[in-house]
Amino acid sequence: MYIDYVDNSIFLWDVELQRNYQIVAGYDKQFSDVVVFGVEAYYKYYDREPLYSLIPDNSNASVGERVIEVNPDHFSKKKAYGLELYLHKKKLDKFYYQVSYSLFNVLRLYENGKWYNDDYNLRNSLNMIIGSNFHRSHRISVRMDLSEGFPYTQIDKTASDAYKRTLYAIGDGWNVKRRNIRIKLALRYDATFYLKWGNITCYLEVENILNQRDVFFEYYSIGESFPEGEIVNHLSRGFIPMGGFTVDF
């Protein structure tokens with residue numbers, strides 16, 4: 001078990017609950033007792049998003065910064081739409097698998113009236129699970145998640161040097177570049193104990209075996225915590241072991 005705690009109270013204290021409208025349509029085809037193929041299309045629309053603005057520099061419209069405004073009277077919007085294909089063999093015998101491919105897009109509306117890639121828009125994503133049951137009560141599986149890298153906007157270091165603040169190359173818009181392909185591997189072991197009143201399943205899982213850490217935020221350093229002029233990257237969680245249990249009655 002792990003918990004992420006982020007204190008957003010400074011600027012999110014007055015934001016209403018997020019609201020989402022969605023339409024989903026799907027089709028399943030069962031080829032045997034255990035093998036199922038399916039396709040699903042969806043559209044999601046969010047109308048209570050914080051408002052982002054791109055602020056060009058006074059002397060150069062091709063560079064600037066992004067600011068966020070959290071105001072219940074000035075919400076922004078976000079939309080997500082895509083298609084998912086999946087094929088899976090149920091966990092009824094010794095060998096099972098699950099393969100899914102998603103092609104989706106997540107866009108956010110900015111103050112200038114244009115839609116830009118959301119920060120977490122991975123677009124193409126492939127997920128695979130291969131596992132095996134043994135001795136009736138035990139299961140081991142491997143999961144692989146493969147996707148495009150996160151979108152990002154390149155920092156204009158020359159402009160940042162001149163103004164001593166983080167300025168981005170926004171001439172072509174926001175989030176127009178892509179980081180490296182993401183590959184995440186995980187290994188999981190489950191043990192189930194069958195009791196008269198139900199069963200208990202305990203699991204151990206090692207996530208991100210390759211220890212690939214994504215850049216989720218970066219900024220230009222003005223020399224306080226890091227050397228002046230350095231691009232500082234904040235990275236996501238790397239290799240992590242996990243454990244837990246579920247109870248079924």
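The following conversation goes through the overall form and one sheet of a predicted model.

Reader: What does the secondary structure of the protein chain come to?
Author: This predicted model has 2 helices and 17 strands in the protein chain.

Reader: And why is the chain more spread out than a compact globule?
Author: Its radius of gyration is 23 Å, whereas the globule rule gives 18 Å for 249 residues; the value is well over the rule, so the protein chain counts as more spread out than a compact globule.

Reader: What does the C-alpha trace span along its principal axes?
Author: The span is about 70 × 40 × 35 Å.

Reader: How much of the chain is buried?
Author: Buried residues account for 34% of the 249 residues. The accessible surface of the protein chain is about 15,700 Å², and carbon and sulfur atoms hold 57% of that surface.

Reader: Turning to charges, how far apart are the mean positions of the positive and negative ones?
Author: They lie 8 Å apart, taken over 30 positive and 32 negative charges.

Reader: Now the sheet with E3, E4 and E11: what is the pairing, parallel or antiparallel?
Author: The pairing is antiparallel, and the 3 strands form an open sheet in the order E3-E4-E11. Strand E3 (51-57) and strand E11 (168-169) are the edge strands, each pairing on one side only.

Reader: How many bridges join E3 and E4?
Author: There are 7 bridges between E3 and strand E4, which covers residues 60-69.

Reader: Which residue in E4 is the bridge partner of Ile55?
Author: The partner of Ile55 is Glu65.

Terms used: Residues are numbered from 1 along each chain as its sequence is written. This is a predicted model: local features need pLDDT of at least 70, side-chain atom pairs count only at pLDDT 80 or more; totals for chains, interfaces and linings use all residues. Side-chain values use heavy atoms; hydrogens and water are left out. Helices (H or I, at least four residues) and strands (E, at least two) are DSSP runs, numbered from the N terminus. The radius of gyration is taken over C-alpha atoms; the globule rule is 2.2 Å times the number of residues to the power 0.38. Buried means under 20% relative accessible area, exposed over 50%, partly exposed in between (1.4 Å probe, protein chains only). Accessible areas come from the Shrake-Rupley method with a 1.4 Å probe; for residues, only the protein chains shown count as cover. Lys and Arg count as positive and Asp and Glu as negative; His and the chain ends are not counted. The place of a charge is taken as NZ of Lys, CZ of Arg, CG of Asp or CD of Glu. Two strands pair if DSSP finds at least two bridges between them.
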